[in-house]
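Trainee: Could you take me through one part of this model up close? I'd like to see how a single helix sits against its surroundings, and then whatever else you find worth a look.

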Amino acid sequence: MTKKVKFTKMHGAGNDYIYVNTLENNIPDPTVAAIKWSRYHTGIGSDGLVLIGKPTQVGADYRMRIFNADGSEAMMCGNASRCIGKYLFEKGLCKKTEINLETASGIKVLQLHLNTNKQQVDSVTVDMLEPKLDVPAQYTGVAPDLSEFHLPLIKDASVHPTFVSMGNPHFVIFLDKEQIKDTNMLISDAELTEFGHSLEHNTAFPERCNIEFACLIADNHLRTRVWERGSGITMACGTGSCATATAAILNGLADRLKPVEIEMDGGTLSVEWREDNHIYMSGPAAFAYEGEIDL
């Protein structure tokens, strides 16, 4: 008889994952499960699989492991961490409003913001720790040649495509608002797929890379589209929003003294780069549905 596994489908700004509580359900091969279950036409359909389990580090309340749709394991996911905060609180697994979550890129502190009846989580702020700009294992320091992609780049020589590591690697490319026909789309899905896939696998990134295309559309407000390493086009990326805000501040496109709003396909996240040099990301988390699937 095939074993059934309980799962919960959740999303943060449209970035959707399958969540499994491994304290109740053992997943012996999460790589295979992530590939099979993430398929939209023959599985559940998602950007990947998130496992919630017992921590291995002192000081952590729970542990998160995340597997992309292609089965590769990611170090961190901001949207998934917010969803885990909501999951743990609303399912009664943890009644604290400050949760220490172990990830492959360190322990992240989740601050839960409850609604007026104190029974549900409206939004979550995540301490994403410090951004890193020099990570040789993730970026060789030699920027990819973007000339072949014919992108509407900002011509100001002081604005550069920028590498930022939020535990996982990101490369943020800034586009010129005046050269874009539709600032909501920025670039077409076909272009995002072509350029994103090519850049993800560029030799500049030894571990592959997440690619963001961003455009400043208002004061401290950027429109961003994401090509996510191992998953392709996604509706949102939490670490990507943090990387985009960081890169925008470094390039003089945004003011560090105010929150930076990052508008993605699935919604908007608010990012702050505070005096402690940590990045704080705030945004929603939502349940989609629950069910059982064959292991």
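Mentor: Ala190 and Glu194 are exposed, on the other side of helix α3 from its buried residues. Bear in mind that this is a predicted model. The helix itself covers residues 189-200, so 12 residues, and from first C-alpha to last it reaches 16 Å, close to the 16 Å expected at 1.5 Å a residue. Its buried residues are Leu192, Phe195, Gly196, Leu199 and Glu200. Look down the axis of α3 and these fall within an arc of 125°, so they line one face of the helix. That pattern fits a simple rule: an α-helix has 3.6 residues a turn, so residues three or four places apart point the same way. As for what covers the buried residues of α3, the list includes β10 (169-174), β11 (210-218), β12 (221-228) and β13 (232-234).

While you have β11 in view, have a look at the cysteines. Cys215 is buried, at 0% relative accessibility. The closest cysteine sulfur to its own is in Cys237, and at 19 Å that is too far for a bond. Cys242 is also buried at 0%, and its sulfur lies 8.5 Å from the closest cysteine sulfur, again in Cys237, which is too far for a bond as well. For the structure as a whole, the number of disulfides is zero.

Now swing over to another helix, α2 (residues 78-90), where you'll find Lys86. This lysine is buried, with a relative accessible area of 8%. Its side chain reaches the backbone oxygen of Val121 at 2.9 Å. Leaving aside residues up to four places away in sequence, Lys86 touches Met10, Val121, Ala285, Ala286 and Phe287.

Val121 takes you straight into strand β8 (residues 121-127), where five of the seven residues are buried, so the strand is largely enclosed by the rest of the structure. β8 pairs with β7 (residues 106-114) in the antiparallel sense, over six bridges, and Val121 is the bridge partner of Leu114. The hairpin these two strands form has six residues between them, and there Lys118 takes a positive phi near 60°. β8 also pairs with β16 (residues 279-283), antiparallel too, over four bridges. In that pairing, Asp127 of β8 is matched with Tyr280 of β16.

Technical notes
Residues are numbered from 1 along each chain as its sequence is written. This is a predicted model: local features need pLDDT of at least 70, side-chain atom pairs count only at pLDDT 80 or more; totals for chains, interfaces and linings use all residues. Side-chain values use heavy atoms; hydrogens and water are left out. Buried means under 20% relative accessible area, exposed over 50%, partly exposed in between (1.4 Å probe, protein chains only). A polar contact is a pair of N or O atoms within 3.5 Å; within protein, one must be able to donate a hydrogen and the other to accept it, and residues adjacent in sequence count only if both atoms are side-chain atoms. Contact means heavy atoms within 4.5 Å. Two strands pair if DSSP finds at least two bridges between them. A disulfide is a pair of cysteine sulfur atoms within 2.5 Å. The expected span of a helix is 1.5 Å times one less than its number of residues. The arc is that of the directions from the helix axis to the C-beta atoms.
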